[in-house]
Amino acid sequence: MLDEVVISRAITESFMKVFMDYMDVDVAIAGAGPAGLVCAYYLARAGKKVAVYERHLKVGGGMPGGGMMFNRIVIQDEARPILQGEIGVDIESYKDGMYIADSVEAIATITSKAIKAGVKIFNLMSVEDVMIRENKVSGVVLNWSSVGWSKLHVDPLCVRAKAVVDATGHDTEVCKIVERKSGPVLNTKTGGVLGEKSMWAEVGEGVIMDNTKEVYPGLYVCGMASNGVYGSPRMGAIFGGMILSGKKAATLILQNISR
Ligand code: 48F
């Protein structure tokens, strides 16, 4: 017999068990776009306990939308070993060292690999603040996205983490929160978020790896947020940089948190 109350208990119990377990994690990542998910995948594959918080109902950020809703993405040769080799997305050669993939297949496959590696994704939750102890980010402050959208006054809950990742894309939300609440403490030229510059794919993709770093003790930035924080150009529907940047952030975190 299909009892609706049993169904309701199953959902609530199962969710709460994981949510409670993940109140103390190795790494908390804000944003389930391609950069955040690739970062999460490599961390989980290395045995770390990783939670990803995504504001929207669905994961993927800007990837499924491809370029202007044409659901294809371009990647360059350097990202092929990850997207095709490691993750298993089908990729076709286009020209001049550029490759093309189906953006829906790409994000579905990255997401599946991350989950199978042990990543827990909490959708419909937003990172609205961070915890800072002794000048180090030590966790995230969460609320249901619907609370923010409906402007309700509801206090948040917290998750402790050894490292926090701002993978919020163009918005650079976590870094902006730290700047707003702690002043110009980021390791940028001004100490604040410098802001993304106009489209220039070649330059944007060229600098994203340098911009992927620990921006404040305990806080890392990857993907489009890296270029936003460090004042570099956007690059449109080419995604190699996002994927490589996610992996770089994971590598940095693994070096730092196992010290
Ligand atoms: O925007 P998004 O896809 O960032 P990304 O992984 O990739 C950028 C590309 O999509 C594209 C590009 C390629 O050249 O430029 O824009 O760097 O994913 C960011 C995700 O973060 C979520 C947001 O809903 C999106 O899915 N997000 C933003 N702020 C928050 C958040 C927040 N405060 N808490 C939780 N999720």
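**Exercise 1. Find where the backbone meets the ligand.**

Start at Arg55: one of its backbone N or O atoms lies 3.1 Å from a nitrogen atom of the ligand. Keep in mind as you look around that this model is predicted. Next, go to Met224, where a polar backbone atom is 2.8 Å from an oxygen atom of the ligand. Finish at Gly236, which has a polar backbone atom 2.5 Å from a ligand oxygen atom. The protein buries 93% of the 730 Å² that the ligand exposes when taken alone.

**Exercise 2. Describe the shell around the ligand.**

First, pick out the nearest residues: of the 27 around the ligand, these are Glu54, Gly62, His170, Met224 and Gly236. Then sort the shell by class, which gives 12 nonpolar, 12 polar and 3 charged residues. Last, ask which element gives the most to the shell. That is E7, with 3 residues; H2 and E2 each supply at least two.

**Exercise 3. Place the ligand in a pocket.**

The ligand sits in the largest pocket. This pocket has a volume of about 740 Å³. Among its 40 lining residues, Gly61, Gly62, Thr168, Gly169 and His170 are closest to the centre. By class, the lining holds 20 nonpolar, 15 polar and 5 charged residues.

**Exercise 4. Explore the second largest pocket.**

Begin with its volume, about 250 Å³. Now look at the helices: H7 (201–211) and H9 (240–257) each supply at least two lining residues, and H7 has the largest share, with 5. Among the residues that line this pocket are Gln76, Asp96 and Leu244. To finish, divide the lining by class: 6 nonpolar, 2 polar and 4 charged.

Conventions. Residues numbered from 1 in each chain as written. Predicted model: local features only at pLDDT ≥ 70, side-chain atom pairs only at ≥ 80, totals over all residues. Heavy atoms only, no water. 1 Å grid on protein atoms, 1.4 Å probe; cavity = no way out; pocket = protein on both sides within 12 Å on 5 of 7 lines; lining within 4 Å. Points joined across faces, edges and corners; volume = space filled by probe spheres on them. Nonpolar A, V, L, I, M, F, W, Y, C, P; charged D, E, K, R; others polar. Helix = DSSP H or I, 4+ residues; strand = E, 2+ residues; numbered from the N terminus. Near = heavy atom within 4 Å. Polar contact = N/O pair within 3.5 Å; in protein donor to acceptor, adjacent residues only side chain to side chain. Areas by Shrake-Rupley, 256 points an atom, 1.4 Å probe, with all protein chains shown as cover. Sits in = over half its atoms within 2 Å of the grid points.
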